[in-house]
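Trainee: I would like to go through the labels for this model one by one. Please set each against its cut-off.

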Amino acid sequence: AKSESLSDPHYFDYYLVDKLLERVQIEKKLPRALTDNEFELFYQPKIDLTTQALTGLEALIRWNDPEHGRISPASFIPIAEDSGFIVELGEWVLWEACRTNKKWQDAGYPKLPISVNVSAVQFRHPQFVRTVETVLEQTGLEPKYLELEVTESLLNDPVLIKDRLDSLKQRGISLSIDDFGTGYSSIYYLKELPLQVLKIDRTFVQNTPSSPRDNSLLQSIIQLGKSLGLTVLAEGVETKEQFDFLRQHDCDQIQGFYYSRPVDSDTMEEMLRISLS
Ligand code: C2E
Ligand code: CA
Ligand code: CA
Ligand code: CA
């Protein structure tokens, strides 16, 4: 039971105990949720700012818990990372994303790269590259149609990851740096590592174009990405004004509610069908 009164000296303890119990419960439920097929991938389109064409899809996991309904990845991914379960869950995401992309390609829809989010824990696992190879071999998806999104925190370990990024790149798999601007990546590593796409975190987009300060910050990040030879994508684009601003300032691609929210696979397939005509 949680006390509702702040004057209760144990209030914060109750709160922490609740949080801890919730964590423990989620951690215990995750493996069973996987075998019970409670996870699902949603897909969000990436749009080219010049042609306004679909240039790719990002796979985003959802958990359909029979008890609590749809649970956001923000609340269970960190728990899966702490417990190590992310390795298994992330492998499922890779299979599902590659299998689905190959299925859509075989059905005659435009061939697009699919992006998969990879946690640092998963990326550092010794078998990671092997797993990716197996998934590509078994699904028959060409490596150029798989993109991996990693966050800046990974770049803090450049020696360990350089080899791994190199071997993925050699295999033709493309690599994106996600949530750019929220971590601590050194420009030096950005230049040295084999990355192709820089995804600007949506916190840099949300106050544009009404905030002059944020506008110039956003412009600088776009220029930085371009000067490093990267494709620059802005996340979290919600308005036409943001879309126009980014197009005028040389950003390459966008993702966001302005164009489309993440959608389930049936809806995504329908969007692909429409894009043919
Ligand atoms: P992310 O990779 O940065 O994904 C973008 C998030 O922003 C998604 O939240 C997406 O639904 C949301 N978003 C997209 N457009 C807009 C917009 O215009 N406005 C706003 N406000 N939000 C927008 P989602 O799907 O809840 O995922 C949250 C995070 O969970 C992801 O952030 C990613 O870090 C993690 N995640 C999701 N799926 C996976 C996965 O399969 N594996 C791993 N390791 N992490 C995942
Ligand atoms: Ca992402
Ligand atoms: Ca992101
Ligand atoms: Ca994010």
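Trainee: How do you know that Asp178 coordinates both the calcium ion (ligand 2) and the calcium ion (ligand 3)?

Mentor: Asp178 is a donor to each, and the two ions are 3.9 Å apart. Donors are N, O and S atoms within 2.8 Å of the metal, or 3.2 Å for Na, K and Ca; water is not among the atoms, so sites may look incomplete. At the calcium ion (ligand 2), the protein donors are Glu58 (OE), Asn117 (OD1), Glu149 (OE) and Asp178 (OD), lying 2.2 to 2.3 Å from it. At the calcium ion (ligand 3), they are Asp178 (OD), Asp179 (OD), Glu235 (OE) and Glu235 (OE), at 2.2 to 2.5 Å. Both ranges fall within 3.2 Å, so these atoms are donors.

Trainee: How are the donor residues of each ion spaced in sequence?

Mentor: For the calcium ion (ligand 2), the spacing is E-x58-N-x31-E-x28-D. Glu149 is in strand β5 (residues 146–151) and Asp178 in strand β6 (residues 174–180), so this pair ties together parts 29 residues apart in sequence. Helices (H or I, at least four residues) and strands (E, at least two) are DSSP runs, numbered from the N terminus. For the calcium ion (ligand 3), the spacing is D-D-x55-E. There the pair linking distant parts of the chain is Asp178 in strand β6 and Glu235 in the loop between β8 (231–234) and α9 (240–248), 57 residues apart.

Trainee: Is this model predicted or experimental, and how is it numbered?

Mentor: The model is predicted: local features need pLDDT of at least 70, side-chain atom pairs count only at pLDDT 80 or more, and totals for chains, interfaces and linings use all residues. Residues are numbered from 1 along each chain as its sequence is written, chains are lettered from A and ligands numbered from 1 in the order written, and side-chain values use heavy atoms, with hydrogens and water left out.

Trainee: Why is Glu149 called buried?

Mentor: Buried means under 20% relative accessible area, exposed over 50%, partly exposed in between (1.4 Å probe, protein chains only). Glu149 has 2% relative accessibility, so it counts as buried. Asp178 and Glu235 are buried too.

Trainee: What makes the pair of Glu149 and Lys199 a polar contact?

Mentor: A polar contact is a pair of N or O atoms within 3.5 Å; within protein, one must be able to donate a hydrogen and the other to accept it, and residues adjacent in sequence count only if both atoms are side-chain atoms. The side chains of Glu149 and Lys199 make one at 2.7 Å.

Trainee: Why is Ser167 buried?

Mentor: Its relative accessible area is 18%, so Ser167 falls under the 20% limit. Ser167 is in helix α6 (residues 158–170). A polar side-chain atom of Ser167 lies 3.2 Å from the backbone oxygen of Arg164.

Trainee: Which side chains place a polar atom by an oxygen atom of ligand 1?

Mentor: Among them are Arg62 at 2.8 Å, Asp179 at 3.1 Å and Glu58 at 3.3 Å. The protein covers 81% of the 800 Å² of accessible area that ligand 1 has on its own.

Trainee: What supplies the shell around ligand 1?

Mentor: β2 (54–65), α2 (73–83) and β6 each supply at least two residues. The largest share, four residues, comes from β2.

Conventions. Accessible areas come from the Shrake-Rupley method with a 1.4 Å probe; for residues, only the protein chains shown count as cover.
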